[in-house]
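Subject: A structure to look through

Dear colleague,

I am handing over a structure for you to read alongside the notes below. Please open it first, and then follow the text with the residues in view.

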Amino acid sequence: MQVISSIPDFRKARSDLRGTLGLVPTMGYLHEGHLALVRRARLENDAVAASIFVNPSQFGPNEDFTTYPRDMDRDLSLLRVEGVDLVFAPSPEDVYPPGFDTWIEAGSVSQRLEGEHRPGHFRGVATVVAKLFNVVQPDRAYFGQKDGQQVAVVKRMVTDLDMDVDVVVVSTLRDPDGLALSSRNVYLTPEQRRVAPIIYRALCQARKLWEDGERSGESLRSEIRRTLEQEPLIEKIDYVSVADASSLEEVDTIRQPAMVSVAARMGRTRLIDNVLLG
Ligand code: AMP
C-alpha cells in the first residue's frame, strides 16, 4: 500500500495501475462504515484508492474542524488489512494552495436540510470531491447512505458536469442498538450514547407507518418530532424531513423513492441519520 500526499506523486502512482479503480473518499478516523465502502470497492474493482482528508472548506467557522478526531496510523493499518492499493492523504495546502479560487456551487439540492444549517458545507464537499475525482481518476466512487444529502449532491454534480465516474451508494452501518456509525460518535458522553439510538428508532417508526399505508409527509414528520421531543438529552432538532430522494424537496404526499431524515443535537454533538422509503 502506497501512502501519498502530493498530487504529482499520486498521479504518477495512479498511472502505473491497470484495470478499474474504485475510490473511497473519507475524512479518516475510520470505522466499520468506512470499511464497508472499502470492501465493496475491493470486490468491484481491480485496484482501490482511499483518501483521508479533513476538508477545511466544508466546516463552518463555529464547527469542529480543529477538534475533528484524527488517527492516521490507525487508519493506515485498517486500510492495509483491507488490501487498499493507494492512499491519498494530502495536506490542506496541497488541496488549497495559495491563490486557490474556484468553487463548485451545487444547486438547490444543496440548499435544504444540511445546507440550511451548515451554510457553505456542500460547496466545500462538491469542490473537494471534484478535485479528488480529477486527481484520482476513479472508475467508481463509493459513498455512504448515512450522508444521504451528500449522495444527492454528488450525483447531481456528476450528472451536471458530465463526470465519468459511477457513484456507488453503500447502506448505513449501525451499532447493534441502531446508532449509525460515525467518527463523531466519540464526542458522546456515556449517557448521550445510551439514548442516541432514539433517532434511528424514530426513523424506523416512521418507515413502519409508511409500510402500513400512511402517505402523508406531515404525519411522518410530526410522529418523528413527537418521539424525539420526549428525550430531554436531545437539546435541539435541526430538522425532520420527508423529501423526494433525489431533489430533496419536502413532499406532502409520499411517492417513492423518498428519504426520511433527521439532524439533532446532543450537547456538542450533531447527529444525522436517514432511512429510504421504496
Ligand atoms: P466521512 O469520513 O464521515 O466523511 O465519511 C466518508 C464516507 O463514509 C462517506 O461517504 C460517508 O457517507 C461514509 N460513511 C460514514 N459513516 C457511515 C456508516 N455508518 N455507514 C456507511 N457509510 C458511512
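**Around the ligand**

A polar side-chain atom of Asp-147 is placed 2.7 Å from an oxygen atom of the ligand. Please keep in mind, here and throughout, that this is a predicted model. Two further contacts of the ligand involve the backbone: a backbone N or O atom of Met-27 lies 2.9 Å from an oxygen atom of the ligand, and a backbone N or O atom of Leu-181 lies 2.9 Å from a nitrogen atom of the ligand. How much of the ligand does the protein bury? Taken alone, the ligand exposes 490 Å², and 92% of that is buried by the protein.

If you want to trace which parts of the chain take part, the elements that give two or more residues to the shell around the ligand are strand S2 (21-26), helix H2 (32-44) and strand S5 (140-144). Of these, H2 supplies the largest share of the shell, namely three residues. The ligand is surrounded by 17 residues, and the closest are Met-27, His-34, Asp-147, Leu-173 and Leu-181. Sorted by class, the shell holds seven nonpolar, eight polar and two charged residues.

**Salt bridges**

Side chains of opposite charge can pair when their charged atoms come close. In this model the count comes to 20 salt bridges, and three of them may serve as examples to look up.

In the pair formed by Arg-39 and Glu-32, the closest N and O atoms are 3.0 Å apart. Arg-39 has a relative accessible area of 35% and is therefore partly exposed, and Glu-32, at 37% relative accessibility, also counts as partly exposed.

Asp-160 forms a salt bridge with Arg-156, and here the closest N and O atoms are 2.7 Å apart. Both Asp-160 and Arg-156 lie in helix H7 (residues 148-160), where they are four residues apart, about one turn of the helix. Asp-160 counts as partly exposed because its relative accessibility is 44%, and Arg-156 is likewise partly exposed at 42%.

The third pair is Arg-265 with Asp-238, whose closest N and O atoms are 3.2 Å apart. This pair links distant parts of the chain, since Arg-265 is in strand S8 (residues 258-266) and Asp-238 is in strand S7 (residues 236-244), 27 residues apart. Are Arg-265 and Asp-238 buried or exposed? Arg-265 is partly exposed, with a relative accessible area of 31%, whereas Asp-238, with a relative accessible area of 8%, is buried, because buried means under 20%. Both residues also belong to a network of salt bridges, in which Glu-114, Lys-236, Asp-238, Arg-265 and Arg-270 are linked.

**The chain as a whole**

Stepping back from single residues, you will find 10 helices and nine strands in the chain. Along its principal axes the C-alpha trace spans about 55 × 40 × 40 Å. A compact globule with 278 residues would have a radius of gyration near 19 Å, and the chain has 19 Å, so the value agrees with that expectation. Finally, buried residues make up 53% of the 278 residues in the chain.

With best wishes

Notes. Residues are numbered from 1 along each chain as its sequence is written. This is a predicted model: local features need pLDDT of at least 70, side-chain atom pairs count only at pLDDT 80 or more; totals for chains, interfaces and linings use all residues. Side-chain values use heavy atoms; hydrogens and water are left out. A salt bridge is a side-chain nitrogen of Lys or Arg within 4 Å of a carboxyl oxygen of Asp or Glu. Buried means under 20% relative accessible area, exposed over 50%, partly exposed in between (1.4 Å probe, protein chains only). A residue is near a molecule or strand if one of its heavy atoms lies within 4 Å of it. A polar contact is a pair of N or O atoms within 3.5 Å; within protein, one must be able to donate a hydrogen and the other to accept it, and residues adjacent in sequence count only if both atoms are side-chain atoms. Accessible areas come from the Shrake-Rupley method with a 1.4 Å probe; for residues, only the protein chains shown count as cover. Ala, Val, Leu, Ile, Met, Phe, Trp, Tyr, Cys and Pro count as nonpolar, Asp, Glu, Lys and Arg as charged, and the others, Gly among them, as polar. The radius of gyration is taken over C-alpha atoms; the globule rule is 2.2 Å times the number of residues to the power 0.38.
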